[in-house]
Amino acid sequence: MTETSLPGPSDLRKKYPAAMKVAAGLHAAGFEAYFAGGSVRDMLLNRPSKDIDIASGASPDQVEALFPHTHAIGKSFGVIQVVMDKEVFEVATFRQDLAYQDGRHPEGYEPSSPHADASRRDFTINGMFLNPQTGELIDYTGGLNDLKSGTLRAIGDPDLRFREDHLRLLRAIRFASVLEFEIEENTWQAICRDAGLLRKVSVERIRSEMVRLLRESPRAGDALTLLRDSGLLAIILPEMLDTVGCEQPPEYHPEGDVWNHTVMMLNELDHPSEELALSILLHDIGKPATR
């Protein structure tokens, strides 16, 4: 079981003063304002929160009217960037997404309730809210139980979640690997069924996810095995599959074939640089073709 606990409002003010000012401004204007998604997950796990996203009952126009320094990037999706004390926060209207046509972005959104907003998100552990005014955890999707048991589970129908946003296939492997969670069986089967959807995602987005996986995972080699077993590796880096069964001289490589060698090396990395991570991944990629 993973230990989970949330900081109280006073601790939040000490750790995240700028984010608390944004939430307080929304609250003072009469709007619900919750910390949302990955930041709540990381707070519960006592991990550093890189970005604090805020979900609110305020519309984008109302957010822009409340704060003097904003950017309208993402406004068509209900998101406004608010600059507070030189930090940038995304404030999103509680929303329900319209249809996804490109496998990455919805055509638009409709204002909705916190419950509906949580239900449209990707995984239960990313579907929780924290009320910074009271310290109350708001969990409509069962994220806390999954967090405690170390389970990565899609919200609702996993096939639907992956058809909406194809990059979620790769994000599932990254989250499971970085957090050392088990992927729930229905979610895993959907990843395997829907792996081909990843072909529609830009190589830039795939590369970004892969680099994060390699750099942040405590056992990146095991993550590579998940990618292989799910069918995602055949799309991302099919050449890597040729290393399976590519034998090496046992006197130099008692660990076995090139695949095992690469997996073992990746598992030894500890938050490497991007250059080192990619070098380890690809250092023997030419062996199968040249042996």
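**View 1. The hairpin of strand 4 and strand 5 has a residue with positive phi.** In this predicted model, two residues sit between strand 4 and strand 5 in their hairpin, and aspartate 85 takes a positive phi near 50° there. The two strands run antiparallel and are joined by six bridges. To follow one of these pairings, find isoleucine 80, whose bridge partner in strand 5 is valine 91. Five of the six residues of strand 4 are buried, so the rest of the structure largely encloses this strand.

**View 2. Strand 3 stands at an edge of the open sheet.** Which order do the seven strands of the sheet follow? Reading across, the order is 3-4-5-2-1-8-9, and the pairing is mixed. Strand 3 (70-71) and strand 9 (136-139) are at the edges with a single partner strand each, so one side of each has no neighbour in the sheet. The partner of strand 3 is strand 4 (residues 79-84), paired in the antiparallel sense over two bridges. Threonine 70 stands opposite valine 82 in strand 4, while histidine 71 has glutamine 81 as its bridge partner in that strand.

**View 3. Helix 2 lies across several strands, with valine 22 among its residues.** Helix 2 (residues 17-28) lies across strand 1 (33-36), strand 2 (53-56), strand 4 and strand 5 (87-93), and runs at about 35° to strand 5. Now look for valine 22, which is found in helix 2. Is valine 22 buried or exposed? Its relative accessibility is 0%, so valine 22 counts as buried. Leaving out residues up to four places away in sequence, valine 22 touches Ile54, Phe67, Val82, Met84, Phe89 and Val91.

**View 4. Two nonpolar cores lie apart from each other.** The largest nonpolar core has 71 residues, and those with the most contacts inside it are Val22, Leu26, Phe35, Leu224 and Leu227. Helix 8 gives the most to this core, contributing seven residues. Another core, of seven residues, lies apart from the largest one and includes Tyr34, Ala55, Phe129 and Ile138. For a sense of scale, the C-alpha atoms of valine 22 and isoleucine 138 are separated by 19 Å, and these residues are 116 apart along the chain. Clusters like these fit a general pattern: in soluble globular proteins, nonpolar side chains tend to be buried together.

**View 5. Arginine 41 is buried in helix 3.** Arginine 41 has its place in helix 3 (residues 38-44). With a relative accessible area of 9%, arginine 41 is buried because the cut-off for that label is under 20%. Which residues is arginine 41 in contact with, leaving aside its neighbours within four places in sequence? They are Ile125, Asn126, Met128, Leu147, Phe175 and Leu179.

**View 6. Two salt bridges link residues that are far apart in sequence.** The count for this model comes to 20 salt bridges. One of them joins arginine 153 and glutamate 184, with the closest N and O atoms 4.0 Å apart. Arginine 153 lies in the loop between strand 10 (151-152) and helix 7 (158-164), and glutamate 184 in the loop between strand 11 (182-183) and helix 9 (185-194), so the pair ties together parts 31 residues apart in sequence. Arginine 153 is partly exposed at 31% relative accessibility, whereas glutamate 184 is buried at 15%. Arginine 193 forms a salt bridge with aspartate 159, and here the closest N and O atoms are 2.6 Å apart. This pair links arginine 193 in helix 9 with aspartate 159 in helix 7, 34 residues apart. Arginine 193 is exposed at 52%, but aspartate 159 is buried at 14%.

**View 7. Helix 10 packs against other helices and holds a salt bridge.** Helix 10 has 14 residues and reaches 20 Å from its first C-alpha to its last, close to the 20 Å expected. Its buried residues are Ile206, Glu209, Met210, Val211, Leu213, Leu214 and Glu216. These buried residues pack against helix 8 (168-179), helix 11 (220-230), helix 12 (233-236), helix 13 (258-267) and helix 14 (274-282). Glutamate 216 forms a salt bridge with arginine 212, the closest N and O atoms being 2.9 Å apart. Both residues lie in helix 10, four residues apart, which is about one turn of the helix. An α-helix has 3.6 residues a turn, so residues three or four places apart point the same way. Arginine 212 is partly exposed, at 33%. Glu209 also takes part in a network of salt bridges with Asp122, Arg171 and Arg174.

Conventions: Residues numbered from 1 in each chain as written. Predicted model: local features only at pLDDT ≥ 70, side-chain atom pairs only at ≥ 80, totals over all residues. Heavy atoms only, no water. Buried < 20%, exposed > 50% of the residue type's maximum accessible area, 1.4 Å probe, protein only. Contact = heavy atoms within 4.5 Å. Pairing = 2+ DSSP bridges. Axes fitted to C-alpha atoms, helices over the stretch in contact; angles between N-to-C directions. Salt bridge = Lys/Arg side-chain N within 4 Å of Asp/Glu carboxyl O. Expected span 1.5 Å × (residues − 1). Core = buried A, V, L, I, M, F, W, Y, C linked by side-chain atoms within 4.5 Å.
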